[in-house]
There are 2 protein chains.
Amino acid sequence: MEELRPAGLNRPGTTEWAQGLSRPLVYRYFPGGRQQLYEAALRSAAEQLILCFGEPPAGPPTERVTRVLDRYLAFVDEHDTGFSALLRGGCVVETSRTSAIVDEVRRAAAEQILLHLGSGAAAGPRLRMMVRTWIAAVEAASLIWLDEGKQPAAAELRDWLVDQLMVLLAATAATDPETASAVAALLPLESAGGPAGRLAQRLVPVLGEAAHLLPEDG
Amino acid sequence: MEELRPAGLNRPGTTEWAQGLSRPLVYRYFPGGRQQLYEAALRSAAEQLILCFGEPPAGPPTERVTRVLDRYLAFVDEHDTGFSALLRGGCVVETSRTSAIVDEVRRAAAEQILLHLGSGAAAGPRLRMMVRTWIAAVEAASLIWLDEGKQPAAAELRDWLVDQLMVLLAATAATDPETASAVAALLPLESAGGPAGRLAQRLVPVLGEAAHLLPEDG
C-alpha cells in the first residue's frame, strides 16, 4: 500500500492521479475501486494531520498552540488543492464516509486543544463549544489563506489565530465560570515575552479607547 | 410556486416532502424534477436568510449585530433539520449549485457585517478575513447548538457570539492598522449600558489576572 500513499490528500479526489494506474493494479489493492482508494488516501492524510496536533503538555500553552498551528499550516500548504476541495465539499467522491473522516480530525483537534487548556475530556459545554468554533475559524481562515495565494505569511496567520484563541478564552471566561477557572490556571504559565504577553501589550492602547465603557468608579 | 414554498429548507433534501406531490405536479412547475425543486426551495430559503442580515446603519453597532443574530438564530431554529443537513454536506442532492447558493449567503452576511463595522466593500484583507472567520464560527456554533438540543438559550448564544466579534476586533486591531481605525471609530458609538459595556465590565477581572504579562512601567 505504501506505493499508493504519497499523493495522499493532494489531488481533488486522487482519481486524476489514480488514472495513471492500471485498473487491475487499483483493484488488486482496492477491491472497492477508486472510491476505496480515495478513502484510503484520505484516511492516511487524516492520520498524518491528527499527528500534527500532538504536543507535549509542557511550557506556556500559547507556545504549544503556536507549534501545533505551525504543523497544521505546513500540512495545509503541502496539501493545498486536496485540502480545499475536501473541505469545500467540491470532491466528486465525497460521501458520508469521507465526511466522517473529516469530522474525526476536527474532534481530535478539539480534544488536543482542550488538553492544553487543562480540561480534556471533562470540559464543559461552553468551553468545548468555544474550542470547536475556534477550530471552525481556523479552517475557514486556512481556506481563505489558500484562496489568497497564501497571504499573509504563515507565521503571521498563525500568530493571529493564537491571538484569536486567547481573546475567545477571555470573552468566554467573562460569562462561563469553568472557562474563567481554566484561564486563571493558564495565565501564570504565560510570560511577558511570549504570545500572551505580546498580545496583552498590543491590546493596551485598544482597550484604552474603551475606558468610557467602564463605570467611573470601576 | 407559493404552494411549494412552506417546506423551504426544512427537510434534508425537500425530496421526502416532495414525495407527497404527484410526479406530474412536480414536473409541471420544475421541468428539472426534484433536484430543481430542491434548488428552488433552497434559493427561496437563502433569500429569506439574506434578509435577516439587513439592518439600518444606526445606533450602537453591537446592538445592530445583536438584532441580526436574533433573526439568524430564529431562522436556524425554524429550519433546523434542513440547515444542519445542508451545511454538513449530508444532503443527497448537494451539488456545485447548492454550494454556490450557500456561499452567496456567506458573502452577503460578510458584506452586511463589514458595513456595520464602517468598512463595506472597501475593507482590507485582514478585516475581511476576520469577519469571514467569525461567520464560520457563528455557523459552527449554530450547528453545535442544534446538536445540543438548542442549548444554551438563543439569547445567551447570541450575546456570546456578539462578545466573540468584539474581542476578535480587538485582537485584530492589535496588529492591523485598518482594523484599529475601525475600532477607534466604533467605540464612541458604544455605551456602558450596551453589549460592549457589559463585556468590558466583565473582562476587567479576567484581565486583572494578566497583569504579569505587561511591562512593570507599562
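**Close-up views of helix α10 and the interface between chains A and B**

**View 1. Length of helix α10 in chain A.** Helix α10 of chain A covers residues 195-208, 14 residues in total. At 1.5 Å a residue, a span of 20 Å is expected, and the end C-alpha atoms are indeed 20 Å apart, so the two values agree. The model shown is predicted.

**View 2. A bend within α10(A).** The helix bends by about 30° at R202(A). A proline, P205(A), follows within four residues of the bend.

**View 3. The buried residues of α10(A).** P195(A), A196(A), L199(A), A200(A) and L203(A) are buried. An α-helix has 3.6 residues a turn, so residues three or four places apart point the same way. Within chain A, the buried residues of α10(A) pack against α4 (61-78) and α8 (154-173). They also pack against α8 (154-173) of chain B.

**View 4. Symmetry of the two chains.** Chain A superposes on chain B after a rotation of 180°, with 0.0 Å of shift along the axis and an RMSD of 0.0 Å. The two copies are therefore related as by a two-fold rotation axis. Both copies use the same surface: 98% of the contact residues of chain A recur in chain B.

**View 5. The side of chain A that touches chain B.** Contacts join 48 residues of chain A to 48 residues of chain B. On the chain A side, α6 (96-116), α7 (125-147), α8, α9 (177-186) and α10 each supply at least two residues. The most come from α7(A), with 10 residues. By type, this side of chain A has 29 nonpolar, 10 polar and nine charged residues.

Methods. Residues are numbered from 1 along each chain as its sequence is written. Chains are lettered from A and ligands numbered from 1 in the order in which they are written. This is a predicted model: local features need pLDDT of at least 70, side-chain atom pairs count only at pLDDT 80 or more; totals for chains, interfaces and linings use all residues. The expected span of a helix is 1.5 Å times one less than its number of residues. The bend at a residue is the angle between axes fitted to the seven residues ending there and the seven starting there. A residue is buried if 20 or more other C-beta atoms lie within 10 Å of its own, exposed if 12 or fewer, and partly exposed in between; C-beta atoms are placed from the backbone. Two residues are in contact if their C-beta atoms, placed from the backbone, lie within 7 Å. Copies are superposed by least squares on the C-alpha atoms of residues with pLDDT of at least 70 in both. Ala, Val, Leu, Ile, Met, Phe, Trp, Tyr, Cys and Pro count as nonpolar, Asp, Glu, Lys and Arg as charged, and the others, Gly among them, as polar.
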